[in-house]
Amino acid sequence: MSQVRYFGCHVGMKAPRYFLGSIEEALSYGADACMIYTGAPQNSKRKPVEELRIEEGKALLKEAGWDPMQVVVHAPYIINLANMVKPDTAYFGREFLSEELRRTQAIGAKYLILHPGSHLKQGADEGIAWIVEGLNQVLDADSTQVMILLESMAGKGSEIGCSFEELRKIIDGVHKNERIGVCLDTCHLHDAGYDLGDFDAVMKEFDDVVGLDRLHVLHVNDSKNVRGARKDRHENIGKGEIGLDVLGAIVHDPRFENVIKILETPYFDDKPPYKEELALLRAWPEV
């Protein structure tokens, strides 16, 4: 059994402890990585960074032996760079993405995860063109060192990024594409139709199309749906259609030793399952 490192979960960031509380929560689960939102993912309300207790959180990170890169930030769902139906929404998304890059850098994180966007039945190629234009505008004017990670999507509705080819098209269109990486989500891959039971073949395809060197974060989730359902409904580890053995093998895969691995599984009775699920996957296959 290999030692799993850079393995954690989504944690909250709320008053009164904010970023300090996020790190405390992650450590309470036995994690050595975590993912946060800088505010509610469904809206644009944000506290000034000066109020987020960032320095106290960084001090706790140092005490725990973490590198700041072990904290990743997820951009809010409201950003849709592909919204050509309501261009003002896409333009707002560009402005807010620029702000999120600055907030991510203030926290000390290296990666900002972004859902590529939804073309709203206007066509994937047109949506990709809007995403590329938005990313170019943001990155050409940006002075941070934060990398944007495009998340692989399940293909629900008009989502863009449910295939490796779509992710590649976006990357190829970005001027500063050294600032673009990828976050793969196991539930999303499964729901998009990729057979994680033949994970080596999936990774070979990803490497051929996108490149393993661009993979920096894995979202580790089981799925409530059969493969190819395009629904994006996360399930707890070992309770869904992907299964413990497949997810355990992925987490322990030596190719991902330096990749940050994050759980986003549902709560049980309003209680987070992360301490138990981290332990379960770390102990695999001896469970």
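**Pockets, helix H1 and a few telling residues**

Lys47 sits in the loop that runs between S2 and H2. In this predicted model, Lys47 comes out as partly exposed, because its relative accessibility is 40%. Leaving aside residues up to four places away in sequence, Lys47 touches Tyr18, Leu52 and Arg103. Its C-alpha atom is also separated by 10.0 Å from that of Lys14, although the two residues are 33 residues apart along the chain.

Tyr18 leads on to helix H1, which spans residues 18-28. H1 is mostly covered, with eight of its eleven residues buried. The buried set is made up of Tyr18, Phe19, Leu20, Gly21, Ser22, Ile23, Glu25 and Ala26. As for what they pack against, the list runs to strand S2 (34-36), helix H2 (54-64), strand S3 (71-74) and H3. Just past the end of H1, Gly30 takes a positive phi of about 80°.

H1 also turns up in the second largest pocket, where about 200 Å³ of space is found. This pocket has 14 lining residues, and Val11, Gly12, Met13, Lys14 and Glu25 are those nearest its centre. With five residues, H1 gives the most to that lining. Sorted by class, the lining of the second largest pocket comes to six nonpolar, four polar and four charged residues. Two of the residues nearest the centre have come up already: Glu25 is among the buried residues of H1, while Lys14 is the residue whose C-alpha atom lies 10.0 Å from that of Lys47.

The largest pocket has a volume of about 480 Å³. Its lining takes in 25 residues, and those nearest the centre are Tyr77, His115, Met153, His188 and Asp232. Here the split by class is ten nonpolar, nine polar and six charged residues.

Strands S2 and S3, both packed against by the buried residues of H1, pair with each other in the parallel sense over three bridges. Ile36 has Val73 as its bridge partner in S3. In a regular strand, side chains take turns between the two faces of the sheet. In S3, Val71 and Val73 point one way and Val72 and His74 the other, and all of them are buried.

Helix H3, another packing partner of the buried H1 residues, covers residues 87-107 and holds Arg94. Despite its charged class, Arg94 counts as buried, because its relative accessibility is 3%. What surrounds this side of H3? Once residues up to four places away in sequence are set aside, Arg94 touches Leu81, Trp130, Glu133, Gly134, Gln137 and Val138.

Finally, the cysteines. A search of the whole structure turns up zero disulfides. Cys162 is in none, and the nearest cysteine sulfur, belonging to Cys187, is 13 Å away. Cys162 counts as buried, because its relative accessibility is 12%. Cys187 is likewise in no disulfide, with the sulfur of Cys183 as the nearest cysteine sulfur at 12 Å. A relative accessible area of 0% is why Cys187 counts as buried.

Notes:
Residues are numbered from 1 along each chain as its sequence is written. This is a predicted model: local features need pLDDT of at least 70, side-chain atom pairs count only at pLDDT 80 or more; totals for chains, interfaces and linings use all residues. Side-chain values use heavy atoms; hydrogens and water are left out. Helices (H or I, at least four residues) and strands (E, at least two) are DSSP runs, numbered from the N terminus. Buried means under 20% relative accessible area, exposed over 50%, partly exposed in between (1.4 Å probe, protein chains only). Contact means heavy atoms within 4.5 Å. On a 1 Å grid over the protein atoms alone, a cavity is a set of points where a 1.4 Å probe fits but cannot get out, and a pocket is an open set with protein on both sides within 12 Å along at least five of seven lines; lining residues have an atom within 4 Å of a point. Grid points are joined across faces, edges and corners, and a volume is the space filled by probe spheres set on the points. A disulfide is a pair of cysteine sulfur atoms within 2.5 Å. Two strands pair if DSSP finds at least two bridges between them.
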